[in-house]
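Work through the following exercises with the sequence and the model at hand, and compare each step with its solution.

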Amino acid sequence: MEKVRWGIIGCGDVTEVKSGPALQKAEGSELVAVMRRNGALAEDYAKRHGVAKWYDDAAALVNDPDVNAVYVATPPGFHHEYTLLAAQAGKPVYVEKPMARNHAECQEMIAACEAAGVPLFVAYYRRGLPKFVEIKRLIDSGVIGDVRFVQSSYLQPTRDYQEGLEPWRIQPELSGGGLFVDLASHALDILDYVLGPIGEVKGFASNQTGKHKVEDIVTTSYAFESGVMGTGVWSFNSYKHLDLNEIVGSLGKLSFSTFSGDLRIETADGAVQELTIPNPPHVQQPLIQMIVDDLRGIGQSPSTGRTGARTNRVMDELLRDFYRS
């Protein structure tokens with residue numbers, strides 16, 4: 001593929017700064033069409049971002065001959081449908097995270113793309129951000145020795161929403177769960193990126209506040225296929241904000257947040273180094289460049305359908321009993 005000509009399905013908030021401009025700025029990439037069910041909003045987006053075409057029908061965008069790759073930026077409830085639509089048209093797909101509402105949908109998306117012979121990528125863009133690339137480099141270099149275990153803690157106060165006006169992120173039929181699915185998926189994917197796939201997973205999910213209809217706390221213990229152990233808690237009913245991951249090894253520890261640039265390195269000799277590695281203006285641009293390079297045959301993306309599906313499998317294991325009940 002000489003040049004990747006993108007069409008966006010679902011040009012909402014995530015595409016305004018994080019991804020849409022990145023599709024235009026990446027080398028060898030161009031944004032040529034956008035779609036939203038509200039045609040007036042699609043037209044407005046196209047005019048503001050200098051995009052030549054807009055649609056209010058996904059099939060029309062997918063079948064546009066000028067579009068040779070599709071970015072699905074809708075809520076997760078539509079990822080499966082639109083990925084299959086793009087695959088049937090023989091076009092590569094870049095789908096927002098989480099990849100789908102559940103692991104079964106992910107598997108069907110992978111199968112459809114493989115049957116059509118088209119690549120499938122997932123917007124776990126932290127795999128391309130400088131901070132997380134550096135964390136992986138540090139771990140691979142052995143600066144903290146052999147990794148023993150990881151601990152993740154994410155706390156957030158309860159949010160109140162007017163009944164009937166809840167955002168899609170806490171509507172399971174659209175998101176696959178609550179804020180855990182939207183936010184914890186980033187941390188779980190990064191751990192997969194730096195430490196390899198998670199194997200066995202055990203845990204609990206509950207709604208402790210009685211508000212809304214989704215989980216507001218999840219706790220877990222898991223074992224990576226490498227033998228590294230892990231624990232995590234994601235509480236959306238706490239008294240304060242906390243965002244902390246700690247990877248502990250035989251010679252030191254890495255501490256970092258999922259959503260800010262902070263990184264702390266401690267080693268057994270008592271040395272401590274604190275870094276702040278800022279994000280680029282358009283946070284998806286590094287990963288998008290990797291995907292564009294992959295499609296052009298000059299690179300390889302670290303985030304694919306298969307890596308994205310692994311995070312959905314872990315979340316399914318943790319939420320299954322809660323939604324079954």
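**Exercise 1.** Find where H8 is kinked and by how much, then test its length against expectation.

*Solution.* The kink in H8, a helix (a DSSP run of H or I with at least four residues, numbered from the N terminus), is centred on Ser185 and amounts to about 35°, the bend being the angle between axes fitted to the seven residues ending at a residue and the seven starting there. This is a predicted model, in which local features need pLDDT of at least 70, side-chain atom pairs count only at pLDDT 80 or more, and totals for chains, interfaces and linings use all residues. Residues are numbered from 1 along each chain as its sequence is written, and side-chain values use heavy atoms, with hydrogens and water left out. Next, because each residue adds 1.5 Å, the 17 residues of H8 (residues 179-195) should span 24 Å, in agreement with the 24 Å between its end C-alpha atoms; the expected span is 1.5 Å times one less than the number of residues. After H8 comes Gly196, with a positive phi near 95°.

**Exercise 2.** Is H8 mostly covered or uncovered, and which element gives the largest share of the largest nonpolar core?

*Solution.* Of the 17 residues of H8, 17 are buried (under 20% relative accessible area with a 1.4 Å probe, protein chains only). The largest nonpolar core (buried Ala, Val, Leu, Ile, Met, Phe, Trp, Tyr and Cys joined through side-chain atoms within 4.5 Å) has 68 residues, and those with the most contacts inside it include Phe180, Leu195 and Leu254. H8 supplies the largest share of this core, 12 residues.

How values were computed. Helix = DSSP H or I, 4+ residues; strand = E, 2+ residues; numbered from the N terminus. Buried < 20%, exposed > 50% of the residue type's maximum accessible area, 1.4 Å probe, protein only.
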